[in-house]
Amino acid sequence: MKDYYNSGNSICINQSIYPGIKTTDDLFDVLQYCWTEQTCTERLRTKFSDKNKTAGQCAITSFLVQDIFGGDIYGLDTGRGKHWYNVVDGIIFDLTSAQFGEEAKNLKYDLSFKLNSREDIWNQTGKKERYLLLKENLNRVLPKTISVNNNQFNVLCLLGHGKGGYSYLAVDSSGKKFVVKQIHHEPCSYYSFGDKIQSEINDYEHLKKTGIPIPLMIDVDKKSERILKEFIDGPTIAKLVKLGKMKVEYINQVEEMCRILYASNTNIDYYPTNFVVQDEKLFYIDYECNDYMQEWDFEHWGKQYWI
């Protein structure tokens with residue numbers, strides 16, 4: 001269940017103007033990378049944080065929801081001003097309810113105030129400018145197409161966002177699937193980077209020599225800082241854990257990877273989103289690796305997320 005009001009009734013559409021966004025859950029996931037302090041209303045920016053990204057984002061988010069899913073926008077009185085939410089096909093949902101914490105359960109979605117026109121509130125605290133910035137962020141995070149060395153790919157969806165980049169599922173003109181990783185330069189408080197694209201290449205070459213199962217690196221566009229990778233189709237370990245479908249065989253396979261990696265003084269990122277199972281074979285789909293340190297090995301750090 002996503003952390004927003006009525007997420008259990010996620011709205012679904014057949015076609016979207018954004019690749020990979022078919023449900024309100026999809027949009028909520030992508031917005032985690034689009035909501036910023038600059039899209040937050042100025043008076044609430046002291047409350048914005050990585051743990052409270054929905055703070056001050058209600059109006060502009062409701063506009064974006066309406067762009068994609070249609071429906072109407074309604075407001076409710078919080079005692080500190082209007083809070084905006086959406087109604088589509090009679091279903092009420094509020095993508096920014098989490099900003100209220102425990103008080104969210106006291107919000108009254110009574111449909112008593114309908115917004116007739118965005119123009120009525122466009123100029124309040126720069127809403128129009130912040131809405132346009134949010135759309136710009138969404139277009140940046142989720143492009144419709146992406147190229148690698150002038151070879152064009154259509155983006156199907158955002159697969160994930162890590163410390164170093166955004167990974168997209170994309171297809172070429174024949175419909176063959178690939179992963180395109182776009183390097184980003186967003187700050188990371190717990191990790192230091194040098195030349196990210198060269199580090200990816202170096203890490204790939206190192207892991208390739210160890211022989212552990214990883215996707216093939218097909219092409220590198222250094223100028224655009226993009227990598228074209230083989231697509232390994234299958235569920236992530238994170239998904240299998242969530243569904244209660246983890247098997248001891250997968251633990252055995254990662255421990256065999258560890259045996260090989262530790263012998264070469266290497267750690268990888270053992271977080272379960274970085275592993276995919278295809279035909280019962282485990283693949284490490286990231287390329288990140290570092291010198292071995294016991295505190296970050298599978299047994300002392302990663303395993304807790306696999307069980």
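This is a tutorial dialogue on helix crossings, a cavity and a pocket in a predicted model.

Me: Let us begin with the helices: how do the axes of α2 and α3 come together, and at what angle do they cross?

Reply: In this predicted model, helix α2 spans residues 58-69 and helix α3 spans residues 127-141, and their axes come within 9 Å and cross at roughly 55°. That angle makes α2 oblique to α3, because angles from 65 to 115 degrees count as roughly perpendicular and those under 35 as roughly parallel. As for handedness, α2 passes α3 in a right-handed crossing.

Me: Which residues of α2 and α3 make the contact?

Reply: On the α2 side the contact is made by Ala59, Ile60, Thr61, Phe63, Leu64 and Asp67, while α3 contributes Lys127, Arg130, Tyr131, Leu134, Lys135 and Leu138. Sorted by class, the contact of α2 with α3 has 7 nonpolar, 1 polar and 4 charged residues.

Me: Where α1 and α2 are concerned, at what angle do the axes cross?

Reply: The axes of helix α1, which covers residues 24-31, and of α2 come within 12 Å and cross at roughly 135°. Since only angles over 145 degrees count as roughly antiparallel, α1 is oblique to α2. The crossing in which α1 passes α2 is right-handed. Here Thr24, Leu27 and Leu31 in α1 meet Thr61, Leu64, Val65, Ile68 and Phe69 in α2, and the residues of this contact divide into 6 nonpolar, 2 polar and no charged. Thr61 and Leu64 of α2 appear in the contact with α1 and also in the contact with α3.

Me: Turning to empty space, how many cavities of 30 Å³ or more does the structure hold?

Reply: The general idea is that rolling a probe the size of a water molecule over the atoms shows where empty space is left. In this case the structure holds 1 cavity of 30 Å³ or more, and the largest cavity has a volume of about 30 Å³. Its lining consists of Cys58, Thr61, Ser62, Trp84, Tyr85, Asn86, Phe93, Asp94, Leu95 and Thr96, with α2 and β2 each supplying at least two of these residues. By class, the lining of the largest cavity divides into 5 nonpolar, 4 polar and 1 charged.

Me: What is the volume of the second largest pocket, and which residues are closest to its centre?

Reply: The second largest pocket has a volume of about 470 Å³. It is lined by 24 residues, of which Arg43, Leu44, Gly56, Lys82 and Gln99 are the closest to its centre. The elements giving two or more residues to this lining are α2, β2 (82-88) and α3, and the largest share, 3 residues, comes from β2. By class, the lining of the second largest pocket has 7 nonpolar, 10 polar and 7 charged residues.

Key
Residues are numbered from 1 along each chain as its sequence is written. This is a predicted model: local features need pLDDT of at least 70, side-chain atom pairs count only at pLDDT 80 or more; totals for chains, interfaces and linings use all residues. Side-chain values use heavy atoms; hydrogens and water are left out. Axes are lines fitted to C-alpha atoms, for helices over the stretch in contact, and angles run from 0 to 180 degrees between N-to-C directions. Helices (H or I, at least four residues) and strands (E, at least two) are DSSP runs, numbered from the N terminus. A crossing is left-handed if the near helix is turned anticlockwise from the far one by less than a right angle, and right-handed if clockwise. Contact means heavy atoms within 4.5 Å. Ala, Val, Leu, Ile, Met, Phe, Trp, Tyr, Cys and Pro count as nonpolar, Asp, Glu, Lys and Arg as charged, and the others, Gly among them, as polar. On a 1 Å grid over the protein atoms alone, a cavity is a set of points where a 1.4 Å probe fits but cannot get out, and a pocket is an open set with protein on both sides within 12 Å along at least five of seven lines; lining residues have an atom within 4 Å of a point. Grid points are joined across faces, edges and corners, and a volume is the space filled by probe spheres set on the points.
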